[in-house]
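Here are a few exercises on empty space and cysteines. Have a go at each one before you read its solution.

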Amino acid sequence: MRTPSYLPYLAGAPSLAPGLKPIDPATWLSPDSEAESWLPQKTVLLRTHRAQVFADTGIPDAIAETAEAIFAVAGPGDPAWESPLEQAAARVSDDLCLLLPDDTGRWVLRAASLVAPTFWSLADKIGQPLAGLHTTVPGANPGLVSRISRMFDGLAPGTVLERFNWTVQAGSARFTPSSEPLKAMARAAPDEAALELLHFRVERQTISKLPRTGVIVFTIRTCIDPLAAALPDADHVRAFEAAWRGIDPALADYKGWPVYERLVRTALAQLA
């Protein structure tokens with residue numbers, strides 16, 4: 001098993017706070033930790049599931065600028081792809097979501113290549129403003145949306161912000177528009193299968209604004225590793241358990257963690 005690239009549970013339990021931190025722009029998409037393990041399969045899904053993983057409401061200038069920025073990092077795209085955004089998406093393991101303000105100033109999801117969704121559907125969210133993207137998150141009130149919107153408004157081109165989101169799941173699938181098949185696997189699994197079945201899912205997210213069009217580029221790099229690989233020693237096991245236990249109950253319910261409680265408890269006991 002490889003050593004996971006990111007272990008955000010070491011920073012504590014997940015929360016609704018944006019938790020964004022500026023990073024060196026040179027590390028925006030490099031190194032691409034998931035290129036070897038995910039990019040070949042991602043490229044297949046880009047072709048076979050296009051209607052589910054690609055959407056464009058008609059923003060050619062913003063897409064062209066985004067593609068140029070990614071080609072500058074990852075190399076030129078293959079013109080065989082229909083859209084420059086698909087060309088760019090095929091060069092990196094990250095998913096790409098593009099947001100622009102509408103006539104009222106609300107930031108709207110206008111285009112995306114989303115091949116590793118963490119339990120949401122692009123078809124349901126394309127064309128939605130920030131409030132529509134977060135309506136089911138507990139505590140995502142208008143104040144939170146307004147705070148994110150102001151951050152988008154004031155973000156200077158050249159600044160790259162990074163945050164992490166994490167959870168556990170049954171199995172190693174990354175293309176997961178729905179969590180229900182994974183939850184069904186977890187419910188059916190015997191205790192002795194916990195360590196084999198449970199996987200650690202991390203989203204490494206970045207936010208940046210491009211200078212010509214002002215488009216917000218929201219990237220999502222999804223990393224999947226066996227939970228055992230993410231907990232290599234007793235100190236990591238203790239840190240993970242503290243983060244797992246320390247989450248707000250409403251957020252735990254939103255993430256579906258109660259379904260995994262039995263298996264996580266068993267896995268932690270086995271590792272301890």
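**Exercise 1: the enclosed space**

Using a threshold of 30 Å³ or more, the count comes to 1 cavity in this predicted model.

Task: work out which residues line the largest cavity and how they divide by class.

Solution. Start with the volume: the largest cavity holds about 30 Å³ of space. Next, list its lining, which is made up of Phe 119, Val 168, Gln 169, Ser 179, Lys 183, Lys 255 and Tyr 260. Now sort those residues, and you get 3 nonpolar, 2 polar and 2 charged.

**Exercise 2: an open pocket**

Task: for the second largest pocket, find which strand gives the most to the lining.

Solution. First, the space: the second largest pocket has about 410 Å³. Then look at the lining, where 17 residues take part, and Pro 8, Ala 11, Gly 19, Arg 163 and Phe 164 lie nearest the centre. Go through the elements and strand E5 (residues 160-170) comes out on top, with 5 residues. Finish with the classes: the lining has 10 nonpolar, 4 polar and 3 charged residues.

**Exercise 3: the cysteines**

Task: explain why Cys 97 has no bond to Cys 223.

Solution. A search of the whole structure turns up 0 disulfides. To count as one, two cysteine sulfur atoms must be within 2.5 Å. The closest cysteine sulfur to that of Cys 97 belongs to Cys 223, and it's 16 Å away, so the gap is too far for a bond. Cys 223 is likewise in no disulfide, with Cys 97 holding its nearest cysteine sulfur. Last step, check burial: Cys 97 is buried at a relative accessible area of 2%, and Cys 223 is buried at 3%.

How values were computed:
Residues are numbered from 1 along each chain as its sequence is written. This is a predicted model: local features need pLDDT of at least 70, side-chain atom pairs count only at pLDDT 80 or more; totals for chains, interfaces and linings use all residues. Side-chain values use heavy atoms; hydrogens and water are left out. On a 1 Å grid over the protein atoms alone, a cavity is a set of points where a 1.4 Å probe fits but cannot get out, and a pocket is an open set with protein on both sides within 12 Å along at least five of seven lines; lining residues have an atom within 4 Å of a point. Grid points are joined across faces, edges and corners, and a volume is the space filled by probe spheres set on the points. Ala, Val, Leu, Ile, Met, Phe, Trp, Tyr, Cys and Pro count as nonpolar, Asp, Glu, Lys and Arg as charged, and the others, Gly among them, as polar. Buried means under 20% relative accessible area, exposed over 50%, partly exposed in between (1.4 Å probe, protein chains only). Helices (H or I, at least four residues) and strands (E, at least two) are DSSP runs, numbered from the N terminus.
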